[in-house]
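Reader: I am in my first year and new to protein models. Could you walk me through this one with short questions and answers?

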Amino acid sequence: MPSEIAGPDERRPPPSAPVDAAAPAQSWQRELGILDSGRPGPTVLVLAGIHGNEPAGVEAVVRVLARLRELALPERGRVVALAGNLGALAQGKRFLGRDLNRGWGAASIAAMQQRLGAERLPEDDEQTALLDRFEAVLRSATGPVVFVDLHTSSADGPPFLCLADTIDNRRLGLATGVPIILGIEELIDGAALEWFGARGVCALAVEGGRHLHPDTRGNHEALLWLLLVRIGLVPAARVDPAPHRAHLARAIGAAPPIVEITHRHAIVAADAFRMAPGFVNFAPVAKGALLAHDVRGEIRATGPSLVLLPLYQALGDDGYFLARPVRRFWLHLAQWLRAARLGGLLRFLPGVRRDPDDADTLLVDRAVARWFVVEVFHLLGYRRERPRGAQLAFTRRRSRPENRTL
Ligand SMILES: [Zn+2]
């Protein structure tokens, strides 16, 4: 049943912007479905509705599970599907007390577990329940685990994937043909993706399209089928991936295959942030283009960019992101360096040294190492940490050995 949302925090949307003020609210169980073949193999763990105004992912995975049951699939491994923010889904709101797709870092989890009584937010209990499930899935895994987090956005545009740039994540992401966004996890603190990334698990967040757009659920379904075939839970002889690939190709259109986030416009309520109307995901903007307004006035692009996740809803702490296509040269170079296992030579570059306290972290002197640094380090599987004074720190992402079979 559709629910009308008109809370006091609701901002009036720009008139021409695509807006889904009300997502259809529905009650869901935490376990949307667990289909275990009883034979060892990969686990595909799907989380849907970690944002309660994004029901398309929940509906998509429920439909895929129903079809898998009809076909007596998977043939090996298992599919585990969980609903994210049950309380918020029931009200069709992004969240009730706090964003459930934040606070998945170790320190935030420890703080959440200390909160008692009136301090506790509804999302604290949701997160506790999800943590139990996540840990149980990892404990009982008999092969690689792939975490797939289904989202939708308040702007129109093609589907895309957000992932940490490990070799495994990139290989799996590229196999779907869906555009890949790199670097978003460095700018968003403690998304659920990070919890899995920190445990070496392959983890993808999927933006399926605009919240209530009629094609969005189908985009999620098509992507799930491609992943299930690719990961080996579903043989291509039983479920033909071709129509799903064609469906996604139509949805993707001319969007570039890989882009890197260059800027996150963080907002708080006091900013009175309003995105300029009409932006869709991957919209190109020129230097000086008007992006948004806030209490300080106009916000304009500082250089040519692609706009991602422009905010056209009341709740959220990201106004928009800017990105640029990753040049093919860097991708080829990175592939070659990784294949030749030359990543280890990075520490011999001028201005680069190993962190004496952590063998997986390299410290980079910002005065010596300039523009090339972030691109090279990303592509070699390092993630940028918070700056330490005049130094940038990059930490290597480790993945589980069993991921190599994906
Ligand atoms: Zn979301």
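Author: A residue is buried if 20 or more other C-beta atoms lie within 10 Å of its own, exposed if 12 or fewer, and partly exposed in between; the C-beta atoms are placed from the backbone. Helices (H or I, at least four residues) and strands (E, at least two) are DSSP runs, numbered from the N terminus. Residues are numbered from 1 along each chain as its sequence is written. This is a predicted model: local features need pLDDT of at least 70, side-chain atom pairs count only at pLDDT 80 or more, and totals for chains, interfaces and linings use all residues.

Reader: What pLDDT does the protein chain average?
Author: pLDDT is the predictor's confidence in each residue, from 0 to 100. In this chain, 86% of the residues score at least 70. The average is 87.

Reader: Over which residues is the pLDDT below 50?
Author: The stretch still has 35 contacts in the model beyond near neighbours in sequence. Two residues are in contact if their C-beta atoms, placed from the backbone, lie within 7 Å. The low pLDDT covers residues 1-19.

Reader: How many residues of strand β3 are buried?
Author: β3 spans residues 78-83 and is mostly covered. R78, V80 and L82 point one way, V79, A81 and A83 the other, and all are buried. The count is six of six.

Reader: Which residue of β3 is the bridge partner of I34?
Author: Two strands pair if DSSP finds at least two bridges between them. Strand β1 (residues 31-36) pairs with β3 in the antiparallel sense, over five bridges. The partner of I34 is V80.

Reader: Which residue stands opposite V79 in β3?
Author: Strand β2 (residues 43-48) also pairs with β3, here in the parallel sense over six bridges. The residue opposite V79 is V44.

Reader: Is the crossover from β2 to β3 right-handed or left-handed?
Author: The chain leaves β2, passes through helix α1 (residues 56-70) and reaches β3. Point the strands away from you: a clockwise path from the first strand over the helix to the second is right-handed. This β-α-β crossover is right-handed.

Reader: What length does α1 reach from its first C-alpha to its last?
Author: The expected span is 1.5 Å times one less than the number of residues. α1 has 15 residues, and 21 Å is expected. The model comes close to that, with a reach of 21 Å.

Reader: Why is one side of β9 and of β12 left without a neighbour in the sheet?
Author: Three strands form an open antiparallel sheet in the order β9-β11-β12. β9 (274-275) and β12 (297-300) stand at its edges, so one side of each is left without a neighbour. The reason is that each has a single partner strand.

Reader: How many other C-beta atoms lie within 10 Å of that of F321?
Author: F321 lies in strand β14 (residues 318-325). Leaving aside neighbours within four places in sequence, F321 is in contact with I184, I261, H263, R264, L308 and L309. F321 is buried, and the number is 25.

Reader: Which residue takes a positive phi in the hairpin of β17 and β18?
Author: Strand β17 (residues 382-384) pairs with β18 in the antiparallel sense over three bridges. The hairpin has six residues between the strands. The residue with a positive phi, near 60°, is G389.
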